[in-house]
Amino acid sequence: MRPPTLFHAFRSALVGVLGLCWALGISHAQDAVSPASASLSLPLRLVDGHIILSATLYDQGGADDAVSLELVLDSPAAITLHGDQLGWLKLDESKIRKNQHPPVKVVFAGGTTLQLPATDFKPEGSSARVDSQNRLTQLFPTQLDERKVKGTIGLGFLRNYRVTLDLVGRQLTLAPSITDAAASPTESAAAQGSDFSGTFELRDGRLTLPVQVPGPRPSGLLVLGSSFYDTLIDQDLAKALDRPTGDVEPVTLLGETPIELSRYVAFRPKAWRATPIAAGDERLFLSGVNLLAAFRLEIDWTASQLHLTQQADPARPEADRAYFQAETTGTADAFEAYLKAFPESRMNNEAARKLMALRIDDFAPSDEDLLSALDWVIKTTSAERRTETGLTYVTRFAATPGQTALAIKAAQLSLSHSRLAMTVQDVYRLHRVLGELYLEQGELESAWKHLLSAAFVPIARDPDHAFRVALNLARVYEKQGRAVRAYSRYKAALAVPGAPITADLRKEITDALARLKTGIPAETLKMLDS
């Protein structure tokens, strides 16, 4: 065989390049698929009891923004976005009304790309939901991969698919709604292997299933939801059943294979119905993420069938029920007793914050009770947020007349967690507050140490902090008789850009500078004023 010529080598290379281009072209053409024909497998994450999907949105100019979207099964909308995020998309309302708007490109985690109709995107109308999602963004940036929570995905999107939601496997699987028109829904794998199968009904755009409750009027409705971690019972229904704490059983989900819901979840009494279900005087429950954590959920829209397959053994949620009891009782002692009985429960931080709020509202609460409540709040907060959390209460105590000693103890408790603080600036702020408190008490050495720690690193965009550190260090130095250092710090306080200097503070500083000048040698003073 003759050795390959240069021409042969060139031709082989050209064929390879063309083949690669063809393959890439085909791949690119298949990147974006229409929702109706797509078969998707999307990874989920559970963040503070909320089901989160990661996605990248593209505006009409091709700019991208990586965000998190909350999966909300009780929303009839397809996709809702915060107002600023919707504005960023630059959707043209006039084109949307004429059905002439190009689709919006959305790339989900894992690379799945969809071209969604612009009509799928609506503004988020619930300020409470916006506040909740802003809180998630602020408190759980690591769990969200630094993707801010900017909206929801609801049933309006999921109705394009046959849905399988598996929280144990952290996966949302979406298949075309009609895979085999000849197949009987009851013969599907979902129906054969599920622990519950039942027919659902859509009411006001929400998926509902019949339930049976105790009492002379046994009929009720379960609304499929995931806005809350807890499964909710309508507050009025709980009172009507003489179970104000929600401790209702049995509550049976009715279908071909009924299941008793109270074996899996406790029902939390709450007035949750922002939009009433169009059914008159129904007895209502709203399922939560906790139910989805116990079962794999499958929704077959074509057959109006819902299937639940058990993923975890039934475990009577005694800690949850005890918390709902404390919540109904509503006293500080009830929450403190709950925390002592269930120190590791998922509700402990919420209980600790309610305990603290009630202690603060007490008439003349003791320092011991307030510090005990603060200790519960701090130790039930994630380690990296403990110093930040403590600072909020320290600042409140420090601003209350006669609470200096309490504020100092609270600051010392908060500062003991500073090594793990997510934001080091909060550590410096805590040092500053503690230094100011010690100065108020006349403990100059302790005040100096903490104020000097606060001055170690300047905090950008916080002129109030910089000004107060310099001013209070100057006050300490002057009381210690260290005129040169006091003069220098008073000058530094005046020089802070944007410092909140009131007329009284300016007079205090200028009077102090004039007073200190008399004890400073002329050469040193010249250097300080240069």
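When I say helix or strand, I mean a DSSP run: H or I over at least four residues for a helix, E over at least two for a strand, numbered from the N terminus. With that naming, Pro-250 falls in the loop between α7, residues 235–240, and β18, residues 252–253. The model is a predicted one, and every value I give is computed from it.

I'll stay with Pro-250 for a moment. The peptide bond leading into Pro-250 from Glu-249 is cis, and its omega is near -5°. A second backbone point is Asp-48, which is not a glycine and has a positive phi, near 50°. Asp-48 also sits in a loop, the one that runs between β3, residues 45–47, and β4, residues 50–58. Why list these two? Because most residues other than glycine have a negative phi, and most peptide bonds are trans.

Next, the sheet. In what order do its six strands lie? Reading across, the order is β2-β12-β11-β22-β23-β13. The sheet is open and its pairing is antiparallel. At the edges are β2, residues 40–43, and β13, residues 196–199, each of which pairs on one side only. From one strand to the next, the twist averages 15°. As a reminder, strands of a sheet pair through backbone hydrogen bonds, either parallel or antiparallel.

Now some of the individual pairs. Strand β11 covers residues 161–166 and strand β12 covers 171–176; six bridges hold this antiparallel pair. One of the matched positions is Arg-162, whose bridge partner in β12 is Ala-175. The two strands make a hairpin, with four residues between them. Within that turn, Arg-170 has a positive phi of about 55°.

On to β22, residues 295–300: this strand runs antiparallel to β11, and three bridges join the two. Here Leu-165 is opposite Leu-297 of β22.

At the β13 edge, the partner is β23, residues 305–310, again antiparallel, with four bridges. Gly-198 has Leu-306 of β23 as its bridge partner. Please keep Leu-306 in mind, since the same residue name comes back with the cavity: Leu-306 is among the residues that line the largest cavity.

So, cavities. How many of 30 Å³ or more does a search of the whole structure find? The search gives one. The volume of the largest cavity is about 40 Å³. Besides Leu-306, its lining includes Leu-308, Leu-209, Leu-253 and Ser-287. Strand β23 gives at least two residues to this lining, and so does α8, residues 289–294. Sorted by class, the cavity lining has eight nonpolar residues, one polar and no charged.

The largest pocket is next, with a volume of about 1,700 Å³. Which of its 49 lining residues are closest to the centre? They are His-50, Ser-132, Arg-135, Ser-227 and Phe-228. Two or more lining residues come from each of α4 (127–139), β20 (267–270), α11 (348–361) and α13 (386–398). Helix α4 has the largest share, at six residues. By class, the pocket lining splits into 18 charged, 18 polar and 13 nonpolar. For anyone setting that beside the cavity, the cavity lining has no charged residues.

Last, helix packing, where I have three pairs to go through. Helix α9, residues 318–329, packs on helix α10, residues 332–341, at an angle of about 165°, and the axes are 8 Å apart. Angles over 145 degrees count as roughly antiparallel, so α9 and α10 are roughly antiparallel to each other. Their crossing is left-handed.

The second pair is α16, residues 444–454, with α17, residues 463–479. These pack at about 150°, with axes 10 Å apart. By the cut-off over 145 degrees, α16 and α17 are therefore roughly antiparallel too. α16 passes α17 in a left-handed crossing.

Helix α17 also packs against α18, residues 483–495, at an angle of about 160° and with 8 Å between the axes. That angle makes α17 roughly antiparallel to α18. Again the crossing is left-handed.

That is the list; I'll take questions.

Methods. Residues numbered from 1 in each chain as written. Predicted model: local features only at pLDDT ≥ 70, side-chain atom pairs only at ≥ 80, totals over all residues. Heavy atoms only, no water. Pairing = 2+ DSSP bridges. Axes fitted to C-alpha atoms, helices over the stretch in contact; angles between N-to-C directions. 1 Å grid on protein atoms, 1.4 Å probe; cavity = no way out; pocket = protein on both sides within 12 Å on 5 of 7 lines; lining within 4 Å. Points joined across faces, edges and corners; volume = space filled by probe spheres on them. Nonpolar A, V, L, I, M, F, W, Y, C, P; charged D, E, K, R; others polar. Parallel < 35°, antiparallel > 145°, perpendicular 65-115°, else oblique. Left-handed = near helix turned anticlockwise from the far one by under 90°.
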